[in-house]
Amino acid sequence: NRYDCPGCFRLVPGIIGIFGSAALSANQTAQTQGSSLHTLYKVELTLLIFYTECAILMSLGTFPTTFPKHFQKARPADMANLTIKDIARISGCSVSTISRVINDRPDVRPETKEHVLKVMREAGFVPNTNARQLKIQQSRSLVFVVKGTRNIFFSDFLVQLQRAATLYGYSGIVSYLDENANEIDAAEKILREIKPKGIIFLGGSVANFQRGFDSINVPSVLTTLVTDELNFSNLSMVGVDDRAAAYTAVDYLIRQGHRKIAVLGGPVTSYPSLMRRQGAQQAMEDAGILFNDKLYGLSNYDFESAYHAMNSLLARRAEFTALFAMSDVIAFGAIRALVSAGFRVPEDVSVIGFDGITMSRYCVPVMTTIVQPSEQIALQSIELLVRQIEHGSPAQTVTLQPELQQGESVRAI
């Protein structure tokens, strides 16, 4: 048997009591048992001294928590053997919820996530990876790092990536990040835990790559973003020229007679947003239109943020007849705000988007937008990554041409 020190310590008072009772009983017998009585008193006194010393040591915090290994008592349901099923049972949550918490998925309520993490901490449960990742850890696995949990373009694009990866015999693991998270830090953690054959970054910060990509030692592709500011031997890039594409969008509005053009997009710290802003500004300047900062609204790439950004523009009483939204999702959120404020699209305000997601063809009105060739971008990204993995091919930059999709959301004036 193996014993735990605190457990042994708790048994001492009982043992003293047993010997004390035996000593009193022996005292009531014949005088001939004097030697036995003396022995019992000595044992009891020794145990009492031991008990007192242990109590002093514990009060000082210096009492050893365990005896040597061969005396240790095995913990019930050894913590190292806990599974997510055990955590699910303890927390009262489903196994799928535990899995989503472990993988830091965004579709878990904050209070539920905190509860599960607390249970894991208290139980000493530290997962290395989930069961699916363990099975494919040594196989042909790729990781798709998605920057932005609510970017619908990336959701559609992931389908294309998974399909292309399957064609080459690879499995894809998706890791979602917040729009403001550091994708390089996330990639380093993934490399330690999963050890994929390669990584595809969906979106990213040029500054983050410049500061930390040297630590990424597997073939990688930065997709939907191309720039001449990055030059790494294991990093390919595939995407459209954001600056030129934005120029095309705003130039189209100008050719429809619009001179007062608002723009909704991200901050300058977002490279695609910076390039699209520069493209929009260049198109205006080439047409003799002064770019008005008061007509620029900051928005993340999600509906809610765009809705509030448009409301802010309207609250400033900004006057414009057309809007260039840096993504279709931003366009949808902005249109909702415009309609709520009593404006009609395109009768009062024309709107052009960017990305060409499926929803843009089925909304009312049908969205006029710049369509990124997502299927071609996905296939090229996988092809470049596989060549790097299997043949050691050098990194490449591929710039593809977007297409103007004329819908019903822009009118000539």
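The chain I am presenting today carries 14 helices and twelve strands, and I should say at once that this is a predicted model. Of the 413 residues in the chain, buried residues make up 46%. If we take the contacts between residues at least 6 apart in sequence, 71% of them join residues at least 24 apart.

Let me begin with the sheet that contains strand 1. This is an open sheet of six strands, in the order 2-1-3-4-5-11, and the pairing is parallel. Its edges are formed by strand 2, residues 171–177, and strand 11, residues 397–400, each of which pairs on one side only. From one strand to the next, the twist averages 15°. Within this sheet, five bridges join strand 1, residues 141–147, to strand 3, residues 198–202, in the parallel sense, and along that pairing Phe-144 is placed opposite Ile-200 of strand 3.

Two helices belong in this part of the picture. Helix 7, residues 152–167, lies across strand 1, strand 2, strand 3 and strand 4, and runs at about 170° to strand 1. Helix 8, residues 183–193, also packs on the sheet, where it touches strand 1, strand 2 and strand 3, and its direction makes about 155° with that of strand 3.

I turn now to the other sheet, the one that contains strand 8. Here again we have an open sheet of six strands, with the order 7-6-8-9-10-12, but the pairing is mixed. The edge strands, each pairing on one side only, are strand 7, residues 296–298, and strand 12, residues 403–405, and the twist averages 20° from one strand to the next.

As for the helices on this sheet, helix 12, residues 303–315, packs against it and touches strand 6, strand 7 and strand 8, with a direction that makes about 145° with that of strand 6. Helix 11 lies across strand 6, strand 7, strand 8 and strand 9, and it runs at about 170° to strand 6.

Strand 8, residues 322–325, deserves a moment of its own. Which residues cover its two faces? On one side we find Ala-322 and Phe-324, on the other Leu-323 and Ala-325, and all of these are buried. Strand 8 runs parallel to strand 6, residues 261–265, and is joined to that strand by four bridges, with Ala-322 as the bridge partner of Ile-261. Strand 8 also pairs with strand 9, residues 350–355, in the parallel sense and over three bridges; there Leu-323 stands opposite Val-351, while Phe-324 has Ile-352 as its bridge partner.

Next, the second largest pocket, which holds about 500 Å³ of space. Its lining comprises 26 residues, and those closest to the centre are Glu-179, Gly-204, Ser-270, Pro-272 and Tyr-301. Two elements, helix 7 and helix 11, residues 271–286, give two or more residues to this lining, and helix 11 gives the most, with three residues. By character, the lining divides into nine nonpolar, 13 polar and four charged residues.

One further pair is worth pointing out on the screen. Ala-207, which sits in helix 9, residues 206–212, has its C-alpha atom 8.8 Å from that of Tyr-271, although the two residues are 64 apart along the chain. Is Ala-207 buried, partly exposed or exposed? Its relative accessible area is 30%, and because buried means under 20% and exposed over 50%, Ala-207 counts as partly exposed.

Finally, some points of backbone geometry. Most residues other than glycine have a negative phi, and most peptide bonds are trans. Against that background, a cis peptide bond joins Val-345 and Pro-346, with omega of about 10°, and Pro-346 lies in the loop between helix 13, residues 328–340, and strand 9. Another cis peptide bond joins Val-364 and Pro-365, with omega of about -5°, and Pro-365 is found in the loop between strand 9 and strand 10, residues 368–371.

Positive phi values also appear at non-glycine positions. Thr-224 has a phi of about 70°, and this residue is placed in the loop between strand 4 and strand 5; with a relative accessible area of 6%, Thr-224 is buried. Asp-355, for its part, has a positive phi of about 125°, is located in strand 9, and is likewise buried, with a relative accessible area of 5%.

Terms used
Residues numbered from 1 in each chain as written. Predicted model: local features only at pLDDT ≥ 70, side-chain atom pairs only at ≥ 80, totals over all residues. Heavy atoms only, no water. Pairing = 2+ DSSP bridges. Axes fitted to C-alpha atoms, helices over the stretch in contact; angles between N-to-C directions. Contact = heavy atoms within 4.5 Å. 1 Å grid on protein atoms, 1.4 Å probe; cavity = no way out; pocket = protein on both sides within 12 Å on 5 of 7 lines; lining within 4 Å. Points joined across faces, edges and corners; volume = space filled by probe spheres on them. Nonpolar A, V, L, I, M, F, W, Y, C, P; charged D, E, K, R; others polar. Buried < 20%, exposed > 50% of the residue type's maximum accessible area, 1.4 Å probe, protein only.
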